[in-house]
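Student: Could you take me through one part of this structure slowly, and then show me how other side chains in it are paired? I would like to follow each step with the model open in front of me.

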Amino acid sequence: MCQEIGVLDFIPRDHETNAIEAFKNSTRLLQQADELGFKRYWYAEHHTTPSILGSAPLALVGHGLALTSRINVGTGGVMLDNISPFQLAEHYKVLDSLAPGRVDAGVGYSNHKEQETQEAMGGVIPKQNLNYEEAMRSLASYMTDQFDSAFVLPKVHVMPMTEPHHIPIYGLVGSRRNAKFLAENGWALSFGLFLRPNLKECQETIKIYRQHYKPNASGQPPRVTVALYVITSPNYSDIRAMEHSVDHWIYTFATDKRQIFELLPLDDAEYYPFSHEEQQVVSHYQDAKVVGRPRDIQMELRDLKRELDCDEFMVVNQLPGFYYRSHLLSVLSEIRL
């Protein structure tokens, strides 16, 4: 069983691949991860972005649970400014009733720039006026039927009401800002190193979280995941081109994720003419990537796990082409940290 590495799937669109093919490829990867013994597989939420298609992660979770038997399927994550805590709790509880014990509730909050974009297209719920902490407390209250939040109605219960069972809540962060809050409420923490490639900030965030952790009613111990890119290839000569393709995506994601239609194919990536501006942006993301031959990946992840003091990694499988993403799962399944 691959217990210390999970997969974070953006549903990338490959070169000359349509949306239907992209979803089919993602489903095949999920089923492969289930067969290989991975612990968890998450879907990210992004909107109006042609090259990644995870606009409805909760729908993807339901689909994925129906097609697998062992793996935890979750969101990495749902943005709390796009859905009410009550509605989100309904989704998670229904999903958990369909596949008990196999749902992970990864939740986050959009940054200010993204909120402006999504509000312009009608995707944000401004009328609630709940900040991050209020929304998280409300979500947890509805999911557990323990009404200790001032922002929920004690007699309003989320259906279905099931036997006491705690769906694990993961707070998605990119800085230390909410680490203490998540710890004091007994929730898990997932640091997006692929978004905030700062090892010192990641270390400090995890340190704060562990120092202040207090178990909630679930009794779960502290749990920390770190999300990052892993780049490898069965052919050593392809690794440079593979990294260039991921770097092209990283630059686009960091500057304007809506400007490209598909991932840069391997044949075009090796000699892609990065501009000075692109090189400057990408250079800041070296700590967000583990790059090397398959036999070297295990040692690098082991060293990083020790350095960060995390429990698991969530690997952003953003390699160009289904064949390479599938090979990456095979490589990761052999790793023991």
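Tutor: In this predicted model, the side chains of His-46 and Lys-257 are joined by a polar contact of 2.8 Å. To place the histidine, look in the loop between β2 and α2 (57-66), where His-46 is found. His-46 has a relative accessible area of 14%, and because buried means under 20%, this residue counts as buried. Once its neighbours within four places in sequence are left aside, His-46 is in contact with Phe-10, Ile-52, Gly-54, Ser-55, Phe-253 and Lys-257, so that Lys-257, the partner in the polar contact, appears in this list as well.

From strand β2 we can go on to a charged pair, for Arg-40 lies in strand β2 (residues 40-43) and Asp-104 in strand β4 (residues 103-108), but let us take the pairing itself before its setting. The side chains of Asp-104 and Arg-40 meet in a salt bridge, with 2.5 Å from N to O. Because these two residues sit in strands β4 and β2, the pair ties together parts that are 64 residues apart in sequence. Asp-104 counts as buried, at 0% relative accessibility, and Arg-40 also counts as buried, at 5%.

A search of the whole structure finds 15 salt bridges, and two others are worth setting beside this one. The side chains of Glu-133 and Arg-137 meet in a salt bridge of 3.9 Å, N to O, and here both residues lie in helix α5 (residues 132-144), four residues apart, which is about one turn of the helix. Glu-133 is partly exposed, with a relative accessible area of 31%, and Arg-137 is partly exposed too, with 35%. In the other example, the side chains of Glu-270 and Arg-240 meet in a salt bridge, again given as 3.9 Å from N to O. Glu-270 lies in the loop between α9 (266-269) and α10 (276-283), while Arg-240 lies in helix α8 (residues 239-255), so this pair ties together parts that are 30 residues apart in sequence. Glu-270 is partly exposed, with a relative accessible area of 27%, and Arg-240 is partly exposed, with 45%. Coming back to Arg-40 and Asp-104, salt bridges that share partners join these two residues with Arg-223 and Glu-312 into one network.

Now turn from the charged side chains to the nonpolar ones. The largest nonpolar core has 103 residues, and those with the most contacts inside it are Tyr-92 and Leu-301. If you leave aside the neighbours of Leu-301 within four places in sequence, Leu-301 is in contact with Ile-5, Leu-228, Val-230, Val-290, Phe-313, Leu-332, Ile-335 and Leu-337.

Last come the cysteines, where you may wish to look for a covalent link, but the structure holds zero disulfides. Cys-202 is in no disulfide, since the nearest cysteine sulfur, that of Cys-310, is 7.0 Å away, whereas a disulfide needs the two sulfur atoms within 2.5 Å. Cys-310 is likewise in no disulfide, and its nearest cysteine sulfur is that of Cys-202, at 7.0 Å. Cys-202 counts as buried, at 0% relative accessibility, and Cys-310 counts as buried as well, at 4%.

Technical notes
Residues numbered from 1 in each chain as written. Predicted model: local features only at pLDDT ≥ 70, side-chain atom pairs only at ≥ 80, totals over all residues. Heavy atoms only, no water. Core = buried A, V, L, I, M, F, W, Y, C linked by side-chain atoms within 4.5 Å. Buried < 20%, exposed > 50% of the residue type's maximum accessible area, 1.4 Å probe, protein only. Contact = heavy atoms within 4.5 Å. Salt bridge = Lys/Arg side-chain N within 4 Å of Asp/Glu carboxyl O. Polar contact = N/O pair within 3.5 Å; in protein donor to acceptor, adjacent residues only side chain to side chain.
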